[in-house]
Amino acid sequence: TGQNAASLLGAIDECTLVMVCAGICAGNLLFPHHRLGGSTSLSLQALKTNILCGDFIEACYPSMEKSRLINVTAYLAAGASTEFIVRQRLLSSAYMPLPLSILLSNDRWGMAVASSIAFGISFAGTIVANKLDLITKKRGEEKED
């Protein structure tokens, strides 16, 4: 079942790096961050690369640098998914397509849940951060008028 190619660190890498970045990029696609110019081309390319290849984790760094909330939720997503992985004793491999990483896992449902935790928390945090930032920007513009 592919258990020889899987490891604890592989599962952790897949969730804490690849899936957290994918969640941030997906959040930026849905609600672009205005301080990043509102451009979604990097986020779209990174989301596709992370899900289909598992190797473009650096793409979320500009968003993490611009927003403390995105940064905090990225760490929260990484911590929560790692906690789940360790408790469930999940094994997998990173830097490959997400479906293959789940397929190689010793517990496919567990790895799918861990990936969803990492993606979901970082995705939600990015949406909230970008919306709050937009609200703050609009309030600042109203005060100038």
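Start by selecting R89, which is found in the loop between α4 and α5 (98-104). You are looking at a predicted model, so keep that in mind as you click along. R89 has a positive phi of about 55° although it is not a glycine. For context, most residues other than glycine have a negative phi. Turn on a surface and ask: is R89 buried or exposed? With a relative accessibility of 67%, R89 counts as exposed, because the cut-off for that class is over 50%.

Stay in the loop between α4 and α5 and select Y95, which lies there too. Y95 is not a glycine either, yet its phi is positive, at about 60°. Its relative accessibility is 35%, so Y95 counts as partly exposed.

Next, select E14, which touches Y95. E14 lies in helix α1. How accessible is E14? Its relative accessibility is 0%, and E14 therefore counts as buried. Show the neighbours of E14: leaving out residues up to four places away in sequence, E14 touches M19, S93, A94, Y95, M96, L98, S101 and M111. If you would like a distance to check in the viewer, pick the C-alpha atoms of E14 and A26: these residues are twelve apart along the chain, and the atoms are separated by 16 Å.

A26 also leads to the next stop, as one of the α1 residues that meet α2. Colour α1 (8-30) and helix α2 (residues 41-52). The two helices pack at an angle of about 145°, and their axes are 8 Å apart. The crossing of α1 past α2 is left-handed. Which residues meet here? On the α1 side, select V18, M19, C21, A22, C25, A26, N28 and L29; on the α2 side, select S43, L44, A46, L47, N50 and I51. Sorted by type, the residues of this contact are eleven nonpolar and three polar, with no charged ones.

For the last stop, go to the largest pocket, with a volume of about 160 Å³. To see its lining, select T16, L17, V20, C21, I57, C60, Y61, M64, A74, Y75 and A78. C21 may look familiar, as it is also among the α1 residues that meet α2. Which helices supply at least two residues each of this lining? They are α1, α3 (61-66) and α4 (68-88). The largest share comes from α1, with four residues. Colour the lining by type and you will find ten nonpolar residues, one polar and no charged.

Terms used: Residues numbered from 1 in each chain as written. Predicted model: local features only at pLDDT ≥ 70, side-chain atom pairs only at ≥ 80, totals over all residues. Heavy atoms only, no water. 1 Å grid on protein atoms, 1.4 Å probe; cavity = no way out; pocket = protein on both sides within 12 Å on 5 of 7 lines; lining within 4 Å. Points joined across faces, edges and corners; volume = space filled by probe spheres on them. Nonpolar A, V, L, I, M, F, W, Y, C, P; charged D, E, K, R; others polar. Axes fitted to C-alpha atoms, helices over the stretch in contact; angles between N-to-C directions. Left-handed = near helix turned anticlockwise from the far one by under 90°. Contact = heavy atoms within 4.5 Å. Buried < 20%, exposed > 50% of the residue type's maximum accessible area, 1.4 Å probe, protein only.
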